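The following note comments on the arrangement of the chains, the sheet and one helix. Please read the numbered points alongside the coordinates.

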2 protein chains.
Amino acid sequence: MKIRLYNATILDLNSGYDIRTGEVIVSDGLIEKVIYDKDKVSYTEVPDREINCHGNLLMRGFNNAHTHSAMTFLRSLADDKPTPLWLKEDIFPNEAKLTDDDIADFQKLAIMEYVSGGTVSAMDMYLRPDVTARVFADAGMRAVIVSGLNDFTSSLEQLQDEYKRLNALDPLISYMVGFHAEYTCSREKLQRLSEIAHVLKCPVFCHLSETRSEVEECITRNGSTPLKFLDMLGMFDNGGGIYHGVHLTDEEINIAADKGIHVVINSGSNCKLASGIAPLKKLFDHKVKLALGTDGPASNNSLNMFKEMYLTSVLCKLAEDDAACMDASFILDMAIKGSASCMGLEDSGLIAPGKPADIVMMDLNKPNMQPLNNIVKNIVYAGSVSNVIMTMVAGKILYMNGEFDLGFDPEEMIARCNTRTKRIVSGSI
Amino acid sequence: MKIRLYNATILDLNSGYDIRTGEVIVSDGLIEKVIYDKDKVSYTEVPDREINCHGNLLMRGFNNAHTHSAMTFLRSLADDKPTPLWLKEDIFPNEAKLTDDDIADFQKLAIMEYVSGGTVSAMDMYLRPDVTARVFADAGMRAVIVSGLNDFTSSLEQLQDEYKRLNALDPLISYMVGFHAEYTCSREKLQRLSEIAHVLKCPVFCHLSETRSEVEECITRNGSTPLKFLDMLGMFDNGGGIYHGVHLTDEEINIAADKGIHVVINSGSNCKLASGIAPLKKLFDHKVKLALGTDGPASNNSLNMFKEMYLTSVLCKLAEDDAACMDASFILDMAIKGSASCMGLEDSGLIAPGKPADIVMMDLNKPNMQPLNNIVKNIVYAGSVSNVIMTMVAGKILYMNGEFDLGFDPEEMIARCNTRTKRIVSGSI
């Protein structure tokens, strides 16, 4: 399938955020050719499909570097209550009732939200990696599945088995080694995981320093803050990533920089659960690798990377008491290139031949994007999912003008999700 | 024009946030009838137009209680820089070049953004009240024009003249007395304004306590914090409202409560300019009247009440270090009822006979709104302008399914706004 996207404005995240008009030809999952108007060259082949972009913007799509997709069923179920109660009364008991089919449908709902919001890939940690990997692959969305190893629902053997199997499943899918968090894994399990990571020579991912109490409890348990403790176990000797990173110490920020550990900022979740504001500026100044993710819909409540970019940007300005502390272009960079790098995906952000055709078309003609003083700042500070016209992953259009092409019927699936939610959370609707 | 909106889910902001299915009949700018399915009554008249809501939500639209609409031309022009520089280098010099026609077109762009985002009314303070009032009236949008009295561009005579003229201009338009800020008006002018407000028996509106330096300078100048100082002049003896209110003292919060002064929260602007977080919980606990506004697009950068609701909610949770400190329903209340009350509009939030037909239809079938665990929390925490299907003001549909009916051609107007912006800010595009 060869698709020609013509009459476009093209945003290249490299080379000084160049914005030029032209056309993009996509073939076999990759960008085949980019022809800029200024070069005055015509495309002479006959593509299978031609799409007039009407001057709208083509750019690489968002990569969501931390999520639990299937938690859509918990969206808006339990908000505005203290986090420990939220976990104990609403999250854990309801998750215990999930079947594989529930997870598959709830995840499909998330995929609709991702692609209609310009997100082309997700780094997902949830209860059934096999189910999650299959559903992403079948829908045509790119995903990195991360094991959520813990003392209760998964084992090291399962993890090693999944590592082999799921990395071979589908070109769109990869599998990374991860554990839920320091506080849900015994020291022995963490030690063995670190050994496995050394054998596999792979990075490791986990939730870390999300809340103050988590850090305090880790100090009580291990005599050290979480990242320092895990680093002493050799956990990040091949790199890796941490989700949240709200309460990192200066020493830990230096460890993150030295070990090349990605810090995934999850502002929406950190706000909703009143966890705090991650020290973005300090991480940036220490050249720590930075990525962006929504976290799951139970703690966000949406899977909206526009919202996440905006919130991350303004929280940084507020926390630093400095309107000038972070440029919008770096925030956009985090959401596309930074996250891709964290996820082990091709990370150039380029619209260029040979690069993955993971492209979104953004409507520049909606009032929130006008006038065109600065397209990048418009996207970060004024953009919204209403600006997403098209989302393409690996050369296939998964969403366009409100219509989905994900291998399932959206209306039926939404109806099924409500029925399943009713069963699980009786009396909630 | 009689319009029947059937097959709807209806959200009534009173009576315990009732959500029921039924239909709404709109006639002569007002809601004529609401028929709930449970009542098993049929509507027998023949309306001029029938709209199938497909189960989607009808609710009263958002009222934006503080904005400078025509500042769209400055959107994304100068971000990520210190506020004093931003004002001196970008805002003031460019505003000085504005013609009345510029203001009219830039405001039309804002009106497109309002109505496509579910906003039915705006409280607008800008340079040419006559132009602003006329443009809102011609577009069919409800507006409260507030004078921005200051020592440089307007006079008390002009204000009194406008008060008479603009309050008689059009049923959609009202005019309120206001001044820009304490720091842009001499003490004498403020004293005379207070006297005029006593004669007119009218509330007074202004920017107040937006930044820490503003408060400190007021103390140096007047020996008192701004709200206390103005209260001593009798400025709020007939009530009124203050925009921002970020750095209010406890004493001032008590004054606001006693005098019935509305505090309009402008979270997006306060974040972008790193002004701080307004003490929402404390204001709420002291029963201060609360409203919500975006501020202008130069300091926001959008006019998106979903973003404003979400941000206001999560900033409160962060500032209070308490995920449970504020319920989503109160935030929605602020954006609809609280703002209407501040603006002197009918404020019940009811979809009921005799109430203004200022109604939006929200798409409940988009993935971000599913499952339907809690529609109000979905709107506040996961909602976006992409959920707005229709916006009706005074019974006229101004926006529906991406199409505008505002008395001007949207494409031509966007083109004109870019041309005008280029002229004003040469070299910016």
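1. Chain B is superposed on chain A by a rotation of 180° with 0.0 Å of shift along its axis, at an RMSD of 0.0 Å; the fit is by least squares on the C-alpha atoms of residues with pLDDT of at least 70 in both copies. That is the relation of a two-fold axis. In chain B, the C-alpha of Ser386(B) is the nearest to the axis, at 2.2 Å. Both copies use the same surface, since 100% of the contact residues of chain B recur in chain A (contact: C-beta atoms, placed from the backbone, within 7 Å).

2. This is a predicted model, in which local features need pLDDT of at least 70 and side-chain atom pairs count only at pLDDT 80 or more, while totals for chains, interfaces and linings use all residues. Residues are numbered from 1 along each chain as its sequence is written, and chains are lettered from A and ligands numbered from 1 in the order in which they are written.

3. In chain A, eight parallel strands form an open sheet in the order S6-S7-S8-S9-S10-S11-S12-S13. Strands are DSSP runs of E of at least two residues, and helices runs of H or I of at least four, numbered from the N terminus; two strands pair if DSSP finds at least two bridges between them. Strands S6 (62–67) and S13 (290–292) of chain A stand at the edges with a single partner each, so one side of each has no neighbour in the sheet. From one strand to the next the twist averages 25°.

4. At the S13(A) edge, strand S12 (residues 261–265) of chain A pairs with S13(A) in the parallel sense over three bridges. Val264(A) stands opposite Ala291(A) of S13(A). H5(A) packs on the sheet, touching S9 and S10 of chain A, and its direction makes about 155° with that of S9(A) (angles run from 0 to 180 degrees between N-to-C directions, with axes fitted to C-alpha atoms, for helices over the stretch in contact).

5. Which residues of H5(A) are buried? They are Leu190(A), Leu193(A), Ser194(A) and Ala197(A). These residues cover an arc of only 100° around the axis, which puts them on the same side of H5(A) (the arc is that of the directions from the helix axis to the C-beta atoms). On the other side, Glu188(A) and Val199(A) are exposed. A residue is buried with 20 or more other C-beta atoms within 10 Å of its own, and exposed with 12 or fewer.

Note on methods. Two residues are in contact if their C-beta atoms, placed from the backbone, lie within 7 Å.
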